[in-house]
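Me: I would like to learn how to read helix packing and burial from a set of coordinates. Could you take me through the features one at a time, giving the general idea before the particular case?

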Amino acid sequence: MRPSVPPPRRPRPRPRVPGWLVVLAVAAVAVNLRPGATSVGPVLAEVQDGLGLSPTMAGVLTALPGLTFAAAGACAAALSRRTGISGAVTAGLALVAAGLLARSVTGSVPLFLALSVLGFAGMAVGNILVPAFVKRHGGRRTPALNSLYTTGLAVGATLPLLAAGPLAAHDPGGWRTALGLWGLVALLALVPWVLVTVRDRREPATAPSRALPAGRRSSILRSRTAVALCVYFGIQSMHAYVQFGWVAQIYRDGGLGQAQAGLMAALIAAMGVPGGLLMPLVVARSPHLGRWIVGLGGCMVGGYLGLLLNPAAVPWAWALLLGTGGFAFPTALALLTARSRDPRVTAQLSGFTQPVGYLLAAAGPFVVGALREATGSWTAPLLLLMGTAVLLVLAGCVAAVPRVVDDELAGPPEP
């Protein structure tokens with residue numbers, strides 16, 4: 001008598017992350033990927049006085065987000081191979097909380113800079129992997145989740161600009177409270193991400209068994225869309241971090257008080273909210289995306305021209321123009337998912353575009369600070385920013401052409 005053969009074991013069903021938890025997690029992480037960088041600008045003078053930072057070292061501080069995003073972002077996919085996408089984002093949030101809390105209580109310049117790098121490294125992980133998380137869990141909701149994500153980034157960039165001045169002026173902790181508060185916010189954001197990590201199965205952004213074939217990573221350089229998107233992302237990031245780090249000081253040097261200068265910087269960042277809501281939908285639906293990109297570049301040039309000629313005349317007008325030009329940021333993020341099909345290609349495109357882009361971005365705040373120190377005025381830095389805005393438009397128009405990176409990586413079909 002033949003022994004009975006047990007029925008084949010059914011594969012364990014994939015744990016599903018509830019839609020409400022995906023939405024909560026995306027919103028929570030988005031709000032925490034910018035405060036570590038934007039909270040410094042409005043209190044930069046106070047941080048310089050409190051820590052004894054020279055103008056050049058202050059320029060290094062404003063350049064650190066871009067440098068760290070480039071270096072640490074390149075390692076995000078490797079981290080996800082060990083922890084999965086959700087686990088890597090959760091670990092990144094833990095680094096954000098630890099770095100921002102600890103730097104707010106130290107009096108050592110090297111330690112302050114090192115802890116800043118730690119927090120920025122955690123943000124870099126989220127920058128790279130959240131688009132892949134959205135692509136994986138979004139489905140038909142991907143444009144809406146992109147809008148939520150980019151709007152959350154704008155909110156996270158704006159709130160520190162609004163709160164820094166009053167906290168520095170009225171709280172006993174001064175600038176330290178203005179910086180440390182955002183470490184506590186990152187701790188709260190860990191809660192939904194721990195739940196996501198528990199529910200989600202371990203699936204790295206580029207798992208060896210499901211990744212593109214060996215050698216495809218280098219071939220992304222042959223994708224015209226990917227390279228253009230990288231340049232577009234890099235230049236707009238450079239402008240964003242110059243604005244985070246220096247626009248408040250430009251307004252202060254132009255005659256505005258600290259509170260009003262901080263309010264103008266906050267207005268620029270706040271424009272990211274309507275931009276985050278609008279541009280992912282425009283990218284998904286508009287047949288004339290290139291026209292939008294040209295218009296946004298024109299707004300950016302107009303805002304810098306106003307700061308150059310008379311920053312205190314109608315400061316809100318220059319802020320609105322620069323904020324509208326900043327719609328380039330949600331446009332770039334939406335293009336990461338719109339120009340790719342497979343979540344693994346999205347992660348690959350994000351892992352190429354953002355680190356290289358942030359490396360370009362890191363040079364901006366440092367160069368602007370060095371030019372300001374060398375020339376004694378804001379003329380040369382503002383002319384430089386206007387010139388790079390033209391390059392931004394050129395790269396954006398190439399990325400706006402409706403091509404898919406997956407197809408460009410695959411090459412022409414074999415005969």
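Me: Which hand does the crossing of helix 11 and helix 14 have?

Reply: Two packed helices are described by the angle between their axes and the distance between the axes. In this predicted model, the crossing of helix 11 with helix 14 is right-handed. The two axes come within 8 Å and cross at roughly 30 degrees. Because angles under 35 degrees count as roughly parallel, helix 11 is roughly parallel to helix 14.

Me: Which residues of helix 11 and helix 14 meet?

Reply: On the side of helix 11 they are Gln260, Met264, Leu267 and Ile268, and on the side of helix 14 they are Pro315, Trp316, Ala319, Leu320, Leu322 and Gly323. Sorted by class, the contact of helix 11 with helix 14 holds eight nonpolar residues, two polar ones and no charged ones. As a general idea for reading such a list, an α-helix has 3.6 residues a turn, so residues three or four places apart point the same way.

Me: Which residues of helix 14 are buried?

Reply: Helix 14 spans residues 315-325, and Pro315, Ala317, Trp318, Ala319, Leu322, Gly323 and Gly325 are buried there. The cover over these buried residues includes helix 10, helix 11 (258-270), helix 13 (289-309) and helix 15 (328-338).

Me: Which residues have the most contacts inside the largest nonpolar core?

Reply: They are Val47, Leu61 and Tyr251, in a core of 123 residues. Helix 10, residues 224-253, gives the most to this core, with 17 residues. Tyr251 can be followed further: leaving out residues up to four places away in sequence, Tyr251 touches Leu256, Ala261, Met264, Leu307, Pro311, Pro315, Trp318 and Ala319. Of these partners, Pro315, Trp318 and Ala319 are also among the buried residues of helix 14.

Me: At what angle do helix 1 and helix 7 pack?

Reply: The same two descriptors apply here, the angle between the axes and the distance between them. Helix 1 (residues 19-31) and helix 7 (residues 142-170) pack at about 30 degrees, with their axes 7 Å apart, and helix 1 and helix 7 are therefore roughly parallel to each other. Their crossing is right-handed. Helix 1 brings Val22, Val23, Val26, Ala27, Ala30 and Val31 to the meeting, while helix 7 brings Leu145, Leu148, Tyr149, Gly152, Leu153 and Gly156. The contact of helix 1 with helix 7 comprises 10 nonpolar residues, two polar residues and no charged residues.

Me: Is Leu21 of helix 1 buried or exposed?

Reply: Burial is read from the relative accessible area, with under 20% counting as buried. Leu21, which lies in helix 1, has a value of 2% and is therefore buried. Setting aside its neighbours within four places in sequence, Leu21 is in contact with Pro192, Leu195, Val196 and Arg199. With one of these, Leu195, the separation in sequence is 174 residues, whereas the C-alpha atoms are 8.1 Å apart.

Me: Where does Gly165 lie, and is Gly165 buried or exposed?

Reply: Gly165 is in helix 7 and is buried, with a relative accessible area of 15%. The C-alpha atoms of Gly165 and Val43 are separated by 6.9 Å, although these residues are 122 residues apart along the chain.

Me: How do helix 6 and helix 16 cross?

Reply: The axes of helix 6 (residues 109-138) and helix 16 (residues 343-375) come within 8 Å and cross at roughly 155 degrees. Angles over 145 degrees count as roughly antiparallel, so helix 6 and helix 16 are roughly antiparallel to each other. Helix 6 passes helix 16 in a right-handed crossing. The contact is made by Asn127, Ile128, Pro131, Ala132, Lys135 and Arg136 of helix 6, together with Pro343, Thr346, Ala347, Ser350, Gly351, Gln354, Pro355 and Tyr358 of helix 16. By class, the contact of helix 6 with helix 16 has seven nonpolar, five polar and two charged residues.

Me: How does Ala370 count by its relative accessibility?

Reply: Ala370, in helix 16, counts as partly exposed at 34% relative accessibility. Its C-alpha atom is separated by 7.1 Å from that of Gly59, with their positions 311 residues apart along the chain taken as the separation.

Me: How many helices and strands does the protein chain have?

Reply: The protein chain has 18 helices and zero strands. Of its 415 residues, 55% count as buried. Among contacts with a separation of 6 or more, residues 24 or more positions apart account for 84%.

Definitions and conventions. Residues are numbered from 1 along each chain as its sequence is written. This is a predicted model: local features need pLDDT of at least 70, side-chain atom pairs count only at pLDDT 80 or more; totals for chains, interfaces and linings use all residues. Side-chain values use heavy atoms; hydrogens and water are left out. A nonpolar core is a set of buried Ala, Val, Leu, Ile, Met, Phe, Trp, Tyr and Cys residues joined through side-chain atoms within 4.5 Å. Buried means under 20% relative accessible area, exposed over 50%, partly exposed in between (1.4 Å probe, protein chains only). Helices (H or I, at least four residues) and strands (E, at least two) are DSSP runs, numbered from the N terminus. Contact means heavy atoms within 4.5 Å. Axes are lines fitted to C-alpha atoms, for helices over the stretch in contact, and angles run from 0 to 180 degrees between N-to-C directions. Angles under 35 degrees count as roughly parallel, over 145 as roughly antiparallel, 65 to 115 as roughly perpendicular and the rest as oblique. A crossing is left-handed if the near helix is turned anticlockwise from the far one by less than a right angle, and right-handed if clockwise. Ala, Val, Leu, Ile, Met, Phe, Trp, Tyr, Cys and Pro count as nonpolar, Asp, Glu, Lys and Arg as charged, and the others, Gly among them, as polar.
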